[in-house]
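Q: Please look at the following model, which is predicted. How can one reason from computed values to a description of a binding site?

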Amino acid sequence: MTTDNHKGLAGIVAGQTAISTVESSGSGLFYRGYAIKDLAEHASFEEVAYLLIYGELPNSKELDDYKTKLQSLRALPNALKIVMEQLPATTNPMDVLRTGCSVLGTLEPETDRGLTEEIANRLIATLPSMLLYWFRFHFHQNGTRIETQTDDNSIAGHFLHLLHGQAPHGLQQRAIDVSLILYAEHEFNASTFSARITTSTLSDIYSAICSAIGTLRGPLHGGANESAMQLISRFKDEADAERGIHEMLANKELIMGFGHRVYRNGDPRSAIIKAWSKKLANHHGGEMLFNISQRIEKIMFKEKKLFPNLDFYSASAYHYCGIPDNFFTPLFVISRTCGWSAHIIEQRRDNRLIRPSADYTGPAPRPYPSPHKSRQQQ
Ligand code: CMC
């Protein structure tokens with residue numbers, strides 16, 4: 001039986017995992033035993049993707065081969081390109097990815113469970129292609145059909161190159177690479193849990209990833225990075241932010257990018273992305289956005305003892321990399337597909353249908369109205 005204390009399954013252990021652990025004491029996140037701080041400092045996103053999907057870090061040859069493999073998987077089937085062209089320009093980019101994933105599942109269905117890792121790699125490689133093919137077709141010189149291949153063998157560099165139509169700045173490329181590492185995996189968060197639920201019914205990987213994308217889209221989860229950007233860019237300077245945030249708190253509004261279900265003493269990923277945001281602000285100018293963010297952080301701690309989660313400083317970091325606001329959550333999808341895939345593989349290894357129970361709060365059993373009386377008469 002659940003009680004109100006466990007509303008939203010808070011504090012409930014819903015299964016076992018060997019993929020990552022979140023230290024609720026407030027300072028740690030580990031992917032297969034490696035601290036997030038070390039991975040963000042020393043690894044590449046592809047190295048982390050390999051670690052999550054295959055269970056161990058690759059050696060240098062395995063990493064080179066893996067990067068080459070991902071690079072070779074970027075092309076979109078023609079039928080998928082046609083769907084991307086047919087989607088309206090007004091489509092939410094998260095829906096572009098959810099639809100693209102679903103369409104790929106019809107063109108290259110999962111017929112053999114031994115190929116799950118291969119499909120995961122294909123999705124990681126094609127999600128940027130789907131998004132940017134759709135984007136460039138609709139928004140850059142209307143009707144341009146771009147090649148979804150570049151010489152860059154990193155997803156971060158490739159993404160920026162396709163987005164901007166030119167080789168990326170080194171600092172921006174590494175900032176995106178680090179952000180993809182930070183977003184790659186997070187234990188039993190809502191989207192991962194939805195992927196595991198779908199998997200537990202013996203459904204296919206594409207359906208599980210579509211469930212996860214739909215779950216990530218909401219502003220209480222992945223959508224918070226875009227919502228945080230909307231919040232920050234609303235203020236013209238720090239004093240304006242101070243006034244605005246106090247007003248929002250007085251109205252009991254949520255401040256996007258703050259708080260967390262599990263961490264109580266700070267999100268260990270936040271300091272890492274904050275440092276990158278600062279570096280980018282110093283290098284590319286426009287420090288006001290960073291300063292406003294810092295002021296909001298101070299007020300939130302003073303007034304609510306709440307700290308920024310990964311999404312808050314990701315917003316300004318992405319902005320400094322020239323990424324459109326509505327691409328923030330899609331970038332999260334590209335990265336988290338590694339974590340989702342690792343959980344789908346793990347769920348399948350020791351599956352049991354996930355089907356919790358509910359406390360019923362509806363009417364007591366009652367007779368069905370007599371068929372001779374109309375319901376309005378009753
Ligand atoms: N702004 C204002 N008040 C807040 C916020 C916030 N961002 N977060 C929590 N609170 C308040 C909340 O209203 C509650 O107040 P009260 O006790 O007076 O009703 C109190 O703090 C406790 O909230 P909680 O129990 O920690 O909330 P939760 O565990 O159900 O929700 C959360 C966690 C992340 C959904 C919530 O903090 C929130 O809505 N944050 C804003 C959205 C956000 O940034 N989401 C990203 C989450 S982390 C990365 C990811 O997964 O994408």
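A: Domain bounds here come from an automatic or database domain assignment. For the protein chain, that assignment gives domain 1 (24–220 + 328–349) and domain 2 (225–320).

Q: Why is the ligand said to lie between domain 1 and domain 2?
A: Both domain 1 and domain 2 give residues to the shell around the ligand, so the ligand lies between them.

Q: What makes domain 1 and domain 2 count as being in contact, and how many residues take part?
A: Contact requires heavy atoms within 4.5 Å. The contact takes 27 residues from domain 1 and 28 residues from domain 2. The C-alpha centres of the two domains lie 26 Å apart.

Q: Which residues come nearest to the ligand?
A: Of the 20 residues around the ligand, the nearest are His221, Ile255, Gly257, Phe258 and Arg261. By class, this shell has ten nonpolar, six polar and four charged residues.

Q: Why is the pair formed by Arg261 and the ligand called a polar contact?
A: A polar contact is a pair of N or O atoms within 3.5 Å. An N or O atom in the side chain of Arg261 is 2.7 Å from an oxygen atom of the ligand, so the pair meets the definition.

Q: What places His221 and Leu220 under that definition too?
A: A polar side-chain atom of His221 lies 2.9 Å from an oxygen atom of the ligand. For Leu220, a backbone N or O atom lies 2.9 Å from a nitrogen atom of the ligand.

Technical notes:
Residues are numbered from 1 along each chain as its sequence is written. This is a predicted model: local features need pLDDT of at least 70, side-chain atom pairs count only at pLDDT 80 or more; totals for chains, interfaces and linings use all residues. Side-chain values use heavy atoms; hydrogens and water are left out. A residue is near a molecule or strand if one of its heavy atoms lies within 4 Å of it. A polar contact is a pair of N or O atoms within 3.5 Å; within protein, one must be able to donate a hydrogen and the other to accept it, and residues adjacent in sequence count only if both atoms are side-chain atoms. Ala, Val, Leu, Ile, Met, Phe, Trp, Tyr, Cys and Pro count as nonpolar, Asp, Glu, Lys and Arg as charged, and the others, Gly among them, as polar.
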